[in-house]
Amino acid sequence: MIFRLSAIAAGALLVSACSDASEVEQTAGFDSIAADETVYFLGNEPFWGGEVTGTSLRYSTPENSAGDTFEVSRFVGNSGLGLSGQLAGAAFDLTITIGECSDTMSDRAYPFTATLKIGEELRSGCAWTDAMPFTNDVEAATEGESAEQ
């Protein structure tokens with residue numbers, strides 16, 4: 001019994017030593033997208049897209065080009081922005097993270113990846129903002145060639 005108590009006491013001491021608050025490193029939250037910026041997002045196979053400003057999100061598909069607008073809650077994590085709400089009774093969770101992205105349909109390069117889960121269906125896409133827009137490498141290369149001539 002004494003051995004068990006000593007082992008428990010030693011374990012508790014070890015845990016408290018490992019969780020010394022002075023050694024915990026704090027990291028800043030994701031700050032690549034300001035709270036008042038509009039985030040645009042899209043994906044294909046199937047096609048989907050929309051935008052979110054503040055807590056108002058519009059989501060559209062080819063079958064519903066006008067889209068559905070609904071309220072979402074925003075969560076700023078360490079490496080991205082999370083947006084959660086309800087779309088036609090299904091959970092709607094969109095995560096935006098930094099990372100070069102291609103929509104595979106155009107020559108555009110996007111600064112963010114978008115991961116969307118509606119109910120149990122998972123979709124991948126891309127995102128951008130006015131402050132961090134997509135680029136079109138083909139147009140940039142053509143403009144560069146014109147400038148050289």
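Here are three short exercises on the predicted model shown above.

**Exercise 1: salt bridges**

Find how many salt bridges there are, and which side chains meet in them.

*Solution.* Start with the count, which comes to two salt bridges. Next, look for the partners. In one bridge, the side chain of Glu51 meets that of Arg58, with 2.8 Å from N to O. In another, Glu121 pairs with Arg123 through their side chains, at 2.9 Å from N to O. Both distances can be held against the cut-off, which is within 4 Å.

**Exercise 2: buried or exposed?**

Sort the residues of these salt bridges by how accessible they are.

*Solution.* Take the Glu51 bridge to begin with. Glu51 has 23% relative accessibility, so it counts as partly exposed. Arg58 also has a relative accessible area of 23% and is partly exposed. Now turn to the other bridge. Glu121, at 38% relative accessibility, is partly exposed. Arg123 has a relative accessible area of 14%, so it is buried; the cut-off for buried is under 20%.

**Exercise 3: the surroundings of Thr38**

Work out where Thr38 lies, whether it is buried or exposed, and which residues it touches.

*Solution.* First, place the residue: Thr38 belongs to strand 1, which covers residues 38–43. Second, check its accessibility: the value is 19%, so Thr38 counts as buried. Third, list its contacts. Leaving aside residues up to four places away in sequence, Thr38 touches Glu51, Val52, Thr53, Trp128, Thr129 and Asp130. Finally, look at Thr53 once more: its side chain is joined to that of Thr38 by a polar contact of 2.6 Å. Glu51, met in the salt bridge with Arg58, is also among the residues that Thr38 touches.

Terms used. Residues are numbered from 1 along each chain as its sequence is written. This is a predicted model: local features need pLDDT of at least 70, side-chain atom pairs count only at pLDDT 80 or more; totals for chains, interfaces and linings use all residues. Side-chain values use heavy atoms; hydrogens and water are left out. Buried means under 20% relative accessible area, exposed over 50%, partly exposed in between (1.4 Å probe, protein chains only). Helices (H or I, at least four residues) and strands (E, at least two) are DSSP runs, numbered from the N terminus. A polar contact is a pair of N or O atoms within 3.5 Å; within protein, one must be able to donate a hydrogen and the other to accept it, and residues adjacent in sequence count only if both atoms are side-chain atoms. Contact means heavy atoms within 4.5 Å.
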